Amino acid sequence: AKSVGCSNSYQFYEEELKIRFSEEMMIDNGIQEALSNHQFTLHYQPKVDTVTGAISGIEALVRWEHPELGRISPDKFIPLAERSGIIYKIDEWVLKEACRQNKAWQDEGLPKVPVAVNISALHFSQTNLLDMIHGALEESGLEESYLTLEITEGVFIENVELVIGIISRIRERGIHISIDDFGTGYSSLNQLQRLPISHVKLDRSFIRDIGGEPKKAAVAKAIIELAHSMNMTVVAEGVETAEESEYFTRCRCDELQGYYFSRPLPAPEFSRLLQRGNYAGLFAGGRTD
Ligand code: C2E
Ligand code: MG
Ligand code: MG
Ligand code: MG
């Protein structure tokens with residue numbers, strides 16, 4: 001009976017692998033098509049200034065509606081796109097579209113704030129990242145200071161000197177660089193001081209259950225203070241409740257982002273948010289400095 005159970009579960013595993021494999025193939029093959037058939041769109045989520053309650057930044061997040069599989073999460077297709085290399089084309093499209101949209105909002109007279117684009121770590125082993133950025137700014141007419149690149153700590157695993165060189169050149173142009181998901185990856189707090197970056201995004205895992213986990217709260221506070229001592233702006237991501245918002249406001253986090261303020265929205269809805277967007281009411285009794 002034992003061996004039967006074993007082979008059953010093996011068969012099951014094999015079956016599951018096959019399904020997963022063919023789904024991955026479908027996704028992989030689909031990305032090229034998606035790029036040419038305009039199946040990708042961007043959603044936009046605000047970052048909110050904890051002092052003024054104003055929208056201080058925008059994050060562009062890619063969305064994919066697959067004709068058969070329906071909506072596929074970027075957490076699923078971005079890793080596949082990184083493996084096949086097609087991520088370069090996705091990120092380039094996202095960068096151009098986000099710059100174009102931000103410039104269009106500015107031309108309509110909406111508040112001018114930077115738009116942030118997530119850039120895969122893979123781009124840093126290639127120096128034409130600078131050309132790609134230059135192209136997107138040139139084509140859209142967006143000013144450098146209204147663009148932020150969000151990169152993860154994974155960028156600093158290899159060739160740290162080379163990566164620091166590339167980032168320095170991007171920063172010299174006045175473009176902002178933010179470390180995404182900070183605190184989950186490889187870089188230590190000590191490494192932070194070597195990096196010519198402007199923003200740190202505290203990972204969502206630091207925001208969850210902050211009340212019940214004093215050690216986590218202490219680490220989050222330490223990161224915020226250290227980043228401030230290096231003149232970096234700190235953003236808390238994944239803020240879902242009033243308690244989380246209040247806690248990180250009290251800790252002097254500069255900007256907050258999360259479902260508590262708004263989910264990522266399609267461009268037309270986001271532009272209405274940008275028009276009326278002020279969350280000052282949510283910060284009553286918040287920061288005093
Ligand atoms: P990320 O850059 O860390 O983005 C934050 C993710 O958290 C987004 O998921 C966002 O929709 C979600 N989120 C925002 N507020 C909340 C909240 O209050 N609670 C919870 N639970 N989640 C919240 P999304 O859009 O599914 O993107 C997932 C990841 O995929 C992103 O993480 C980013 O690493 C990657 N990604 C998205 N768009 C792009 C892109 O254009 N290029 C690249 N290379 N990666 C992208
Ligand atoms: Mg991000
Ligand atoms: Mg993040
Ligand atoms: Mg992430």
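1. The magnesium ion (ligand 2) is held by four protein donors, E59 (OE), N118 (OD1), E150 (OE) and D180 (OD), at 2.1 to 2.2 Å. Donors here are N, O and S atoms within 2.8 Å of the metal (3.2 Å for Na, K and Ca), and since water is not among the atoms, sites may look incomplete. Along the chain these donor residues follow the spacing E-x58-N-x31-E-x29-D. E59 belongs to strand β2 (residues 55-66) and N118 to strand β4 (residues 115-118), so this pair ties together parts that lie 59 residues apart in sequence. Helices (H or I, at least four residues) and strands (E, at least two) are DSSP runs, numbered from the N terminus.

2. The model is predicted: local features need pLDDT of at least 70 and side-chain atom pairs count only at pLDDT 80 or more, while totals for chains, interfaces and linings use all residues. Residues are numbered from 1 along each chain as its sequence is written, chains are lettered from A and ligands numbered from 1 in the order in which they are written, and side-chain values use heavy atoms, with hydrogens and water left out.

3. Confidence should be stated alongside the site description. The protein has an average pLDDT of 89, and 93% of its residues score at least 70; pLDDT is the predictor's confidence in each residue, from 0 to 100. For the complex, the predictor reports an ipTM of 0.98 and a pTM of 0.91. Where pLDDT is low, the predicted coordinates should not be read in detail.

4. For the magnesium ion (ligand 3), the protein donors are D180 (OD), D181 (OD), E237 (OE) and E237 (OE), at 2.1 to 2.4 Å. Their spacing in sequence is D-D-x55-E. D180 bridges this ion and the magnesium ion (ligand 2), the two lying 4.1 Å apart.

5. The accessibility of the coordinating residues varies. D180, at a relative accessible area of 6%, is buried, as is E59 at 5%. By contrast, D181 is partly exposed at 26%, and N118 is partly exposed at 24%. The classes are buried under 20% relative accessible area, exposed over 50% and partly exposed in between (1.4 Å probe, protein chains only).

6. On the cysteines, the disulfide count is 0, a disulfide being a pair of cysteine sulfur atoms within 2.5 Å. C251 is in no disulfide, and the nearest cysteine sulfur, that of C253, is 7.3 Å away. C251 is buried at a relative accessible area of 10%, and C99 is buried at 0%.
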